[in-house]
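Q: Please take a close look at one part of this model, the way its helices pack against one another, and then follow the charged side chains that pair up.

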Amino acid sequence: MKWFEYGNEKISHREILVAIPSMVIAVGILSQPRDLAAATVGSDGWILLVVSGGIIVFITWLMARLASKFPRQSFLTYSSKIVTKPVAVVMTFIFIAIAIALAALEVRAISDIAKQYLFDRTPVEIISLSFLLVVVYAVSGSRAGIFRLNLMFLPIILFIAIAVFVFNIGWFSLDNLLPVFETSFTGLGKGLPTGLLSFMGFGIILFYTSLVENPAKVPRSAVIGMCIPVLLYILIFITSIGVFGNAVTSDLIFPTIELAKEVDIPGGFFERFESIFFVIWIMAIFNTTVMAIDVALLALSSIFKNKSKMKHVCILSPLVYVIAMYPEDLLDVSALGGYLSYFAISYTSIVTILLSVIAKVRKVK
């Protein structure tokens, strides 16, 4: 069997724009309204999303600006110029570990959700393995094909998310949004990390910018791309509070899925909207998992240049599966996701700021 190869492995800045929301919008949005509602009063969770979204958009811009200054150079190459190669190799390995853990988290989370809502008699191990095999097939091919999948899937994902809002307008009550601005500054400060956790994965800019034909346009595209999940998260959260209220939303395991179950299409045209919603959301989680593994492969290939891509795939795939099967239940999966999010966002932000400052001070070009 001969692999199909795209004529050009380079991507445009528009594909980076699509890749960022495709990476960030994942399984976290299904439970995010619950976490925000538990941390705030009324509908004040949108304040956390605006503030945390603004912080992430700034870090995204800084990251894209840093990577675009070193056109067609891998993260290992330009970070070696800034902070020596041994330090750069260690930083790259940490990014690989984060990408592997993120892929494992997505695989396990989608398996647990699928078992709860769709395949109640199928073992989680089988669901995880089936999903992972499809992901492995995708990452084994051309990298340009992954970006074309993003271009195809993202409009569908955004359309179905907006449809959830539109078809829930009949259940929406403005009274549920009250009171407003009742959460104290201390409460908002404690809840801010909850808002930040939803944006894990934006670090792909450090690695994918090397594939862009015109990297000068990457910062603007990256900022626009990051604004998409910020706006989508605010829309989903406001819809959840407007339909269920703060107290109920904070008690639901997956408020976003429950919103899909509440959809009432006039005329009884479609009675099980959550089924199509879940199928479409699998696309979003598939995109995130594929790019997480692909970033790990891209980083590995920059360190071990003599090894083939398939050898790296054969090494990473069992590792992803083993980590995905390590948590015992949904609570352990949630805890793993929290720890990973804290570490990934903190590490990515610190590395970006340090590299930008050191490159500026040392005038590295």
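A: What follows describes two helix contacts and then the salt bridges.

In this predicted model, helix 4 (residues 75–83) packs against helix 15 (residues 330–362) with the two axes 9 Å apart and at an angle of about 55°, and the pair is therefore oblique. The crossing of helix 4 and helix 15 is left-handed. On the side of helix 4 the contact is made by Phe75, Ser79, Lys81, Ile82 and Val83, and on the side of helix 15 by Val351, Leu355, Ile358, Ala359 and Arg362; by class, these comprise seven nonpolar, one polar and two charged residues.

Turning to the other contact, helix 1 (residues 13–24) and helix 13 (residues 273–303) have axes that come within 7 Å and cross at roughly 105°, so these two helices are roughly perpendicular to each other. Here Ala19, Ser22 and Met23 of helix 1 meet Ala284, Asn287, Thr288, Met291 and Ala292 of helix 13, a contact with five nonpolar, three polar and no charged residues.

The structure holds five salt bridges, among them one between Asp112 and Arg108, with N to O at 3.1 Å. Both residues lie in helix 5 (residues 85–117), four residues apart, which is about one turn of the helix; Asp112 is buried at 12% relative accessible area, and Arg108 is likewise buried, at 5%. Another salt bridge joins Glu258 to Lys261, whose closest N and O atoms are 3.9 Å apart, and because they sit three residues apart in helix 12 (residues 255–262), about one helical turn separates them. Lys261 is partly exposed, at 40% relative accessible area.

Conventions. Residues are numbered from 1 along each chain as its sequence is written. This is a predicted model: local features need pLDDT of at least 70, side-chain atom pairs count only at pLDDT 80 or more; totals for chains, interfaces and linings use all residues. Side-chain values use heavy atoms; hydrogens and water are left out. Axes are lines fitted to C-alpha atoms, for helices over the stretch in contact, and angles run from 0 to 180 degrees between N-to-C directions. Angles under 35 degrees count as roughly parallel, over 145 as roughly antiparallel, 65 to 115 as roughly perpendicular and the rest as oblique. A crossing is left-handed if the near helix is turned anticlockwise from the far one by less than a right angle, and right-handed if clockwise. Contact means heavy atoms within 4.5 Å. Ala, Val, Leu, Ile, Met, Phe, Trp, Tyr, Cys and Pro count as nonpolar, Asp, Glu, Lys and Arg as charged, and the others, Gly among them, as polar. A salt bridge is a side-chain nitrogen of Lys or Arg within 4 Å of a carboxyl oxygen of Asp or Glu. Buried means under 20% relative accessible area, exposed over 50%, partly exposed in between (1.4 Å probe, protein chains only).
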